[in-house]
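Student: I'd like a close look at one part of this model, the helices and the side-chain pairs that go with them. Could you walk me through it in one go?

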Amino acid sequence: MALDPNIIMQLQQYKPPDQMAGMQKAMTLGNLMQQAQMGNMQMQQAQRAAADDLAVRDVYAQAGGDQAKVGDGLRSKGLYKQYEAFNKAQADRMKAQAEMAKDQAETKAKLFGLQQNMMAGLGPKPTDENVMSMMQRMVSSSVLDEAGAKAMASELMATPVEQRGNVVRRLAANAEQYI
């Protein structure tokens, strides 16, 4: 048997394994595993969020608009973040309603004061023209609406001129009912 010289020519010198390339491959593999874990965690979070959203919708549907039932339902299903957000929204809504009621009361008190001052300007024996002029000024300055002005004017005009001073004082004292 003859030796093939090509076999010897194909031999190469021994090269030790490249440690850096091995470490790089290991790190790449580790990064891929971490990315896969992060993807799984994100998927689980998205599934939990979707389940929570579905549970919240279910609570609102079962409550039928009853706010107390909504709060109880959120708490009983363990949806504490949504429960806290719901309570905060409720508190904010109540605060806004209280502020609005306070503003309305202040506005009503100011209108009442303006009505009293304007009525006092009519004097003890106001004429029909004075009454109509005063009512028009009250309506134009938004102290009274038209219905209230008509009611006051008709009551004053139905009273004799000599007795209108008493009616003016009574109307001024009870002007809130015409606001």
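Tutor: Here is a walk along helix H4 and the parts around it.

Keep in mind that this is a predicted model. Helix H4 covers residues 80-120, and helix H7 covers residues 164-173.

Let's begin with how these two helices pack. Two packed helices are described by the angle between their axes and the distance between the axes. For H4 and H7, the axes come within 9 Å and cross at roughly 170 degrees. Anything over 145 degrees counts as roughly antiparallel, and H4 and H7 are therefore roughly antiparallel to each other. Which residues of H4 and H7 make the contact? On the H4 side you'll find Phe-112, Gln-116 and Met-119, while H7 brings Val-168, Leu-171, Ala-172 and Ala-173. Sorted by character, the residues of this H4 to H7 contact come out as 6 nonpolar, 1 polar and no charged.

Now go back along H4 to Phe-86. A search of the whole structure turns up 1 aromatic pair, and Phe-86 is in it, with Tyr-60 as its partner. A pair of aromatic rings is described by the distance of the centres and the angle of the planes. Here the ring centres of Tyr-60 and Phe-86 sit 6.5 Å apart with the planes at 75 degrees, so you'd call the pair edge-to-face. Tyr-60 belongs to helix H2 (residues 19-63) and Phe-86 to helix H4, so the pair ties together parts that are 26 residues apart in sequence. Are the two partners buried or exposed? Phe-86 counts as buried at 8% relative accessibility, whereas Tyr-60 is partly exposed, with a relative accessible area of 41%.

Next up, the charged pairs. The whole-structure search finds 4 salt bridges, and I'll go through some of them, including one that reaches back to H2. That one joins the side chains of Lys-77 and Asp-58, at 2.8 Å from N to O. Lys-77 is in the loop between helix H3 (67-76) and H4, and Asp-58 is in helix H2, so this salt bridge ties together parts that are 19 residues apart in sequence. Lys-77 counts as partly exposed at 41% relative accessibility, and Asp-58 also counts as partly exposed, at 31%.

Inside H3 there's a salt bridge between the side chains of Arg-75 and Asp-72, at 3.0 Å from N to O. Arg-75 and Asp-72 are 3 residues apart in helix H3, so about one helical turn separates them. Arg-75 is partly exposed with a relative accessible area of 36%, and Asp-72 is partly exposed at 42%.

H4 has an internal salt bridge as well: Lys-102 pairs with Glu-106, and their closest N and O atoms are 4.0 Å apart. If you're scripting this, note that the cut-off is 4 Å. Lys-102 and Glu-106 are 4 residues apart, about one turn of helix H4. Lys-102 is exposed, with a relative accessible area of 52%, while Glu-106 is partly exposed at 39%.

One last stop is Gly-65, in the loop between H2 and H3. Gly-65 counts as exposed at 55% relative accessibility. Measure of separation, for scale: the C-alpha atoms of Gly-65 and Pro-160 are 56 Å apart in space, with their positions 95 residues apart in sequence numbering.

Technical notes: Residues are numbered from 1 along each chain as its sequence is written. This is a predicted model: local features need pLDDT of at least 70, side-chain atom pairs count only at pLDDT 80 or more; totals for chains, interfaces and linings use all residues. Side-chain values use heavy atoms; hydrogens and water are left out. Axes are lines fitted to C-alpha atoms, for helices over the stretch in contact, and angles run from 0 to 180 degrees between N-to-C directions. Helices (H or I, at least four residues) and strands (E, at least two) are DSSP runs, numbered from the N terminus. Angles under 35 degrees count as roughly parallel, over 145 as roughly antiparallel, 65 to 115 as roughly perpendicular and the rest as oblique. Contact means heavy atoms within 4.5 Å. Ala, Val, Leu, Ile, Met, Phe, Trp, Tyr, Cys and Pro count as nonpolar, Asp, Glu, Lys and Arg as charged, and the others, Gly among them, as polar. Rings of Phe, Tyr and Trp (its six-membered ring) pair if their centres lie within 6.5 Å; planes under 30 degrees apart count as stacked, over 60 as edge-to-face and the rest as tilted. Buried means under 20% relative accessible area, exposed over 50%, partly exposed in between (1.4 Å probe, protein chains only).
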